[in-house]
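Hi,

Here is the structure I promised to pass on to you. Please have a look at it first, and then read my notes below.

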Amino acid sequence: MVTLSHGQDAYARFAAAVAVTKAALQGFQLVRVALVSLILFLSGCSALLFQTFWLRLSGLAFGNSIWSAALILSSFMAGLALGSAIAARLTLRRVRPLRVYAGLESIVGVFGCTLVFGLPLLGQWLRPIFQALWHHQELLNILRFSVSFLVLLLPTTAMGLTLPVLLEDPLLHRRQFGRVIAAFYGFNTLGAVAGALLGEGFLMRRFGLPGTGLTAACLSLAAAGIAWLFAGTEPARTQATQPQFSLGKQTPWKLLLVSLGTGALFLGLEVIWSRFMRLYVASTSTAFCTMLAVVLAGIGLGGLAASAIRTATPRKILPLLLLLVAIGTLLSYVFFPVPVLQGDSKAFHIESWPEIARLSFALMFPAAFLSGILLPIIVSCVQEELKNPMNSTGLTILFNTVGAAIGPMLAGFVLLPWLGFQSSLILSAAGYAALALLACEKQCWSLRKPLGIALIVLGASFVLTLASFPYHRNETHFENARRPFEADQSVLQKKIEGTADTLQLLRRDLFGEPYYYRLVTNAYSMSGTHPRSQRYMRLFAYLPLALRPESENALLLCYGVGITADAFTRDPRLKHLTVVDISKEVFDLADSYSGSEYSNPLRDPRVTTFVQDGRFFLQASPDHYDIITGEPPPLKVAGTVNLYTQQFFELMHNRLKDGGIVTFWLPIAQLTTDETKAILRAFHKAFSNASVWATCDLEWIMMGSKGPLQRPDQELARSFWSEAKTRSDLGRIGIESPEQMSGLFVMDSEEIERITQGVEPLSDFYPKRLTDAHPDLKAAYQFGRNYFDTSAALRRFLSSSFIKEIWPEEWRKSLDLFFLVREMQFISEMSGSNWLADLDLYLRHTQLRTPVLAVQNSDEFRLALAEKFSERAHSVPAEASPDLIAGALARRDFPAAIQLLETEKDRGFSNINDFFLLTYLYCLNGSVEKAEALASAEAGSIQKDWFVDWLWGELQAQFGFHPPG
């Protein structure tokens, strides 16, 4: 039997104790890593929520133009970079890092929440200063940047310090640094994913900005509380906190430049990807949130993957990763799964978040995942040179953050406008390849080592990918975006990849000349000159001009295709028109439109343009206006909600002169009924004498004034209607006499108050009251139908105290007829009607032209082109005949219409309705025998249905017509 000596026995017990202690320490370290990962997850969730709010609210306070957004983003990034710079310079002594972290996270929570509530007030407080500096734009921009930097400085600097400070935890030093930083980075970024989804999908809808801001603060304070509670387990420090590191000859400059480059390239790619995706995906907040979540998920999972990589030489794999990102960026675009056309409209306008997530995953996830691996690897390489974890992390993140600030501005202001999205993407991929060369060491190229072989293979693969790249693929994507809008035979006139959007201008020709234009922005028809759209666009100007004919200046927010501006410039009494649009490219396209009686309104010397966010313009401009109107983008486009809140309408109210008028677009077909009421409530809160007006569709117009409106001066009102250009233009959109203005009335403030009772207004603090939900077109139609009913509309008009106070007596003639015409046109356009019964009423009981043309699927614009075409041809071309027939009917020239229809009969009726119309006109013109003969001749080709039975019965009752057979 073998026995141990006392010395050996003691040694064995000591070794066992050491093993147990070591195992316990390793277990404690794992718990520590898990605990810090949880803290960083909560911190990431809170930080993403705060970042979203700060950028949104800063935009409301300092402007949302592309330049304003760049200033605000730069301010945000500058704070993060400052925090990283402090981390690069300091080493913590005599303090527990977790407690320092707890203090920093508390600063983020407290000050971040304060900013959520304080930024809107700051915008109001700064308004007098903005107005004083309005004519000194350089000073104004300096002020905006300085103030946004200062208000964001403390919380963003604290954010920039949090991760480096945690890495000073002494218990974490015992674990492999690269794997720890990767795990922390991954969990922090996955927390940001949770913040993005939680904020957009639940918190903002349920609690608005205040509740979501408080939630973000609670998450920050929870992370701070956990860190503080567990800080007591740290060993105490004995040395003082002091600056320790300075840049010098030993600084790994190549690695820091790689960090800067990857930050710039990846954030630039996010801008490029977003621009490309918007050719297929709706530009809604949900879509942007989904894309952001996919990118962050890729980065977070990449960070966790990096934590599983066991390598003692991270520097060697860095060039390989950079080449993989370069190749992945190109291949993800090349193999992008073009989505299937959606719905009956055949439009690429995807709103389904699972589909958006699928497309985003295919395009963005590979590069995002590899980028998530890259940053921890770079930090590890820098740490090998500098040794101190906090300094190396802070320095690396500092350069990465500076790059992240440069990248989006470089992509948005330089690459996309100059090169386009595809060339910008290729250049970004080449940038990653260049960084791979920069990160390579001489020994990396050795063919004797597997690493060298892998590097050469990947380099050759990248060159091969570039050589075989489908360089014309971008044209396919542009074609897909505009394809649904080419169904009416429109053709592309001009394409612009601008700083904020991709714009494609389409033109629809008729008889060899421009009939209308359509401006497609990304994947959406943003504006156009279609005659139906011109009705409400021109009324934005004519409605307030008719009620305030003495107006001298006007402000137009959003230029669109210039229809509203053109209407304003037709009034010779208007002395000045200010036009504001966020897009420079929209103004650049102004010379691209041509047509009958149209000239570029921007060439009028009375017109001044500003490339600026309309909301900030109202806040900063010192001028007051007689009229303010706006034709904003579609309501569900991200950011448009800020142009429909109570606070925005109050800004409009403040910029009016006493007695000034505001008109604003309310497209109820794009809204649910609840959303319509929320907007009406917001408008009514700002304008106590609000009213709503409309032609014969669901494109409504809200109108309000500053103070009570006065009845228009009779002499000025007559002068307004006697002006040839104005009267002609009003006639083209269906307002053929002053009395027809009465037929536009929908409701006054009393009715708005009644239907919105108990409804919360759309507000800056509750933007999700305007949801991404699809509108219920049936409900919108029924809502509008209730207000277009002739008897109810007439009753509301006659009983309205608003109308009694301001409406001229001479405009109150034939009210029942004009309301009836509007109702009939509405039913015809929205659901269809008996076209010949409508035509009969218009011809026999009114002198109106526009409804007659509309029944024949024509309008004044088509008719003018058809008449011009016929004059050139010296005959009646078959393709112009339907419009010429409609024109003859509009003039009540029945013999001319009959002659044109007889020509069609000799050619062989191409449309059975021409036969019915000729039969009807024979009877109306007193030629019943001709009608009977025509009906008998065509009896064999007529399929009897309800319409034929109705027509024969009506003709028999009215004219003594004898039906065939």
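I'll begin with a residue close to the end of my list of charged pairs: Arg-891 has a relative accessible area of 46%, so it counts as partly exposed. Its salt-bridge partner is Asp-893, and the closest N and O atoms of the two are 3.8 Å apart. Asp-893 is partly exposed as well, because its relative accessibility is 28%. Elsewhere, salt bridges with shared partners tie five residues into one network: Arg-538, Asp-566, Arg-570, Asp-729 and Arg-732.

Before going further, please keep in mind that this is a predicted model.

The whole chain

The protein chain has 965 residues, and 58% of them are buried. I find 33 helices and 14 strands in it. Along the principal axes, the C-alpha atoms fill a box of roughly 135 × 60 × 60 Å. If you take the contacts between residues at least 6 apart in sequence, 79% of them join residues at least 24 apart. The chain exposes about 38400 Å², and 59% of that comes from carbon and sulfur atoms.

More salt bridges

In total, the structure holds 38 salt bridges. One of them pairs Glu-860 with Arg-849, with 2.8 Å from N to O. This pair links distant parts of the chain, 11 residues apart: Glu-860 belongs to helix α28 (residues 860-873), while Arg-849 sits in the loop between α26 (835-845) and α27 (850-855). Are the two partners buried or partly exposed? Glu-860 counts as buried because its relative accessibility is 16%, below the cut-off of 20%. Arg-849, with a relative accessible area of 24%, is partly exposed.

Another salt bridge joins Arg-812 to Glu-809, where the closest N and O atoms are 3.9 Å apart. Arg-812 has 23% relative accessibility, so this residue counts as partly exposed.

A pair of helices

Two packed helices are described by the angle between their axes and the distance between the axes. For helix α6 (residues 253-277) and helix α7 (residues 285-307), the axes come within 12 Å and cross at roughly 140°. The crossing of α6 and α7 is right-handed. Which residues meet there? On the α6 side they are Phe-266, Glu-270, Ser-274 and Met-277, and on the α7 side Phe-288, Met-291, Leu-292, Val-295 and Ile-299.

A buried serine

Ser-428 lies in helix α10 (residues 389-439). How accessible is Ser-428? Its relative accessibility is 4%, and therefore Ser-428 counts as buried. Leaving aside residues up to four places away in sequence, Ser-428 touches Leu-265, Leu-269 and Ile-272.

A nonpolar patch on the surface

Val-110, Phe-111, Leu-154 and Leu-221 form a nonpolar patch on the surface. Together, these four residues have about 330 Å² of accessible area. Of the patch members, Leu-154 is located in helix α4 (residues 137-166). Leu-154 counts as partly exposed because its relative accessibility is 41%.

If you want somewhere to start in the viewer, you could pick the Glu-860 and Arg-849 salt bridge, then go to the crossing of α6 and α7, and end with the surface patch that includes Leu-154.

Best wishes

Definitions and conventions
Residues numbered from 1 in each chain as written. Predicted model: local features only at pLDDT ≥ 70, side-chain atom pairs only at ≥ 80, totals over all residues. Heavy atoms only, no water. Helix = DSSP H or I, 4+ residues; strand = E, 2+ residues; numbered from the N terminus. Buried < 20%, exposed > 50% of the residue type's maximum accessible area, 1.4 Å probe, protein only. Contact = heavy atoms within 4.5 Å. Patch = residues over 30% accessible without salt bridge, like charges linked within 9 Å, V, L, I, M, F, W, Y side chains within 5 Å. Areas by Shrake-Rupley, 256 points an atom, 1.4 Å probe, with all protein chains shown as cover. Salt bridge = Lys/Arg side-chain N within 4 Å of Asp/Glu carboxyl O. Axes fitted to C-alpha atoms, helices over the stretch in contact; angles between N-to-C directions. Left-handed = near helix turned anticlockwise from the far one by under 90°.
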